[in-house]
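Visitor: I would like to learn how to read a protein model that is new to me. Could you guide me through it feature by feature?

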Amino acid sequence: MAEFSNPFNRRKFLLTAGASAGVVLLKGCLGNPPEGVGGGSSQAQSGTQSTAQMVANSSVSPEQKPETTKANLGYIPIVEAAPLIIAKEKGFFAKYGMTDVNLAKQASWGSMRDNTEIGASGGGVDGGQYQMPMPHLITEGLITKGNVKIPMYLLAQLNTQGNGIAVASKHAGKQIALDLSKGGKGLVDGLKSSKTPFTAAFTFAKVNQDLWIRYWLAAGGIDPDLDVKLIPVPAAQTVANMKTGSMDAFSTGDPWPYRIVKDKIGFLAMLTAEMWKDHPEEYLAMRGDWVDKNPKATKALLKGIMEAQQWLDNFANRKEAAAILSGRNYFNLPFEILAEPYEGKYDMGDGRVIDDKSMAVYYWKDSKGSVSYPYKSHDLWFLTENVRWGFLPKEYIGAKGKELIDKVNKENIWKEAAKELGVPAADIPTSTSRGVETFFDGIKFDPEKPEEYLKSLKIKKVSF
Ligand code: CA
């Protein structure tokens, strides 16, 4: 990493001291009146920033000095947001000169989309955390108001894994599990016949959570468009909806599925890591106009994120990470709800217990290689899955999709930032493709042949 000169030791000391103070202050905030949405507490922020300011002054070379110290980044309070929060709280953004990063907590993915559209100049955000392929759909004007096309740049993947599907307790013991064809399908078919269809929720249409629940259902022989009712629900409302019985299942990131189990409202049918090991999850993206105007600040943000991702994947730091994230200014949850899944420990709520670090969320490196690097082959899977369900026309698995991916995916900027950070060459992928992907049901996605993947799937809306 960076230079190991004398100032490094001083910086390291300051960082450690600043971060500890931040944690203490966060804990101290419990019981105080809420301070509204947004980043960390003002106390913790000022504590971190004054330290960070000193750090920043001593570590940014003149040629890497960012054009601005400010960025307004939106996030959703789920584990995917951890690299943003840790980069701010541990002073990693400040270390590279981004001393005024504001983290804006979003009430829903719809607000994140809307605030992206408005931009920071209008009170919105410059970028932040996105499900896939939101940046591509926003660029194409397919999910914006009046179909306005807003170019977005994808800069890094935030995490792999860390998601699951929670099911209401009333369905316990009825084989609603990873492989629904073994019995769960019978229950779903029965509910359809009795005109009370199995109702499953996702957080935003056409992106990860919608796609995970659709893949899972279809792999079990259930047509998500004909055999069940799929509805969008903001992550924070999922617990309430499951309690009132208006929802049979939902797909979302930790800590929400885990909270369902702890509150004894339901159980986890599966983890997405069981469906597709090391699957791509959420991403860092920025408005293209912000990146074009601030190329050095973009790399400074990326360096902060990468350092946070490395810090997060050191399991010795995960308890501290859980303490920071669960604080009232971020997720406002009991510490253990985050701490256990962070170690790969999942009480699935139906008697099954997973205790396997390889099932935890990863931020920097997983068993297939780089997590942070945004592989273009994964962009293509998300576009292909959109074609599968009729959200995008067929041409997006061909030239049109390639053109869009090349326009949105800025893996070249990721590589430049990684080199500036001093990431070893072995940790910088040499191909934009992660190669053939394999799902739990034996289905394979070869990014060179997306049409073969679509042909191999029995349940789909598109005809091949
Ligand atoms: Ca997610």
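**Reading a helix by its sides**

Guide: On the face of H17 that is turned away from its buried side, you will find the exposed residues Ala-399 and Glu-403. Please keep in mind throughout that this is a predicted model.

Visitor: Which residues of helix H17 are buried?

Guide: Within H17, which spans residues 399-408, the buried ones are Gly-401, Leu-404, Ile-405 and Val-408. They lie on the same side of H17, because they cover an arc of only 100° around the axis. Among the elements that cover these buried residues are H6, strand S4 (152-157) and helix H16 (376-388).

Visitor: What covers the buried residues of H5?

Guide: In helix H5, running over residues 109-118, the buried residues are Trp-109, Met-112, Arg-113, Asn-115 and Thr-116, and their cover includes S1, strand S3 (127-130), helix H6 (134-139) and strand S10 (283-287). Just after H5 comes Gly-119, which takes a positive phi of about 80°.

Visitor: How should I read backbone angles in residues other than glycine, and what kind of peptide bond should I expect?

Guide: As a general idea, most residues other than glycine have a negative phi, and most peptide bonds are trans. In this structure, Asn-147 has a positive phi near 50° and sits in the loop between H6 and S4. Asp-278 also has a positive phi, near 60°, and its place is the loop between helix H11 (272-275) and S10.

Visitor: Is Asn-147 buried or exposed?

Guide: Asn-147 counts as exposed, because it has 9 C-beta neighbours inside 10 Å. Asp-278, by contrast, is partly exposed, because 18 other C-beta atoms lie within 10 Å, whereas a buried residue would need 20 or more.

Visitor: Where are the cis peptide bonds that involve Pro-133 and Pro-255?

Guide: One cis bond joins Met-132 and Pro-133, with omega about 0°, and Pro-133 lies in the loop between S3 and H6. Another joins Asp-254 and Pro-255, with omega about 10°; Pro-255 belongs to the loop between strand S8 (249-253) and helix H10 (256-262).

Visitor: How many helices and strands does the chain have?

Guide: The chain has 19 helices and 16 strands, and 52% of its 464 residues count as buried. To see how sequence and space can part ways, take Lys-70 in strand S1 (residues 70-75): Lys-70 and Ala-297 are 227 residues apart in sequence, yet their C-alpha atoms are 8.5 Å apart in space.

How values were computed
Residues numbered from 1 in each chain as written. Predicted model: local features only at pLDDT ≥ 70, side-chain atom pairs only at ≥ 80, totals over all residues. Helix = DSSP H or I, 4+ residues; strand = E, 2+ residues; numbered from the N terminus. Buried ≥ 20, exposed ≤ 12 C-beta atoms within 10 Å, placed from the backbone. Contact = placed C-beta atoms within 7 Å. Arc of directions from axis to C-beta.
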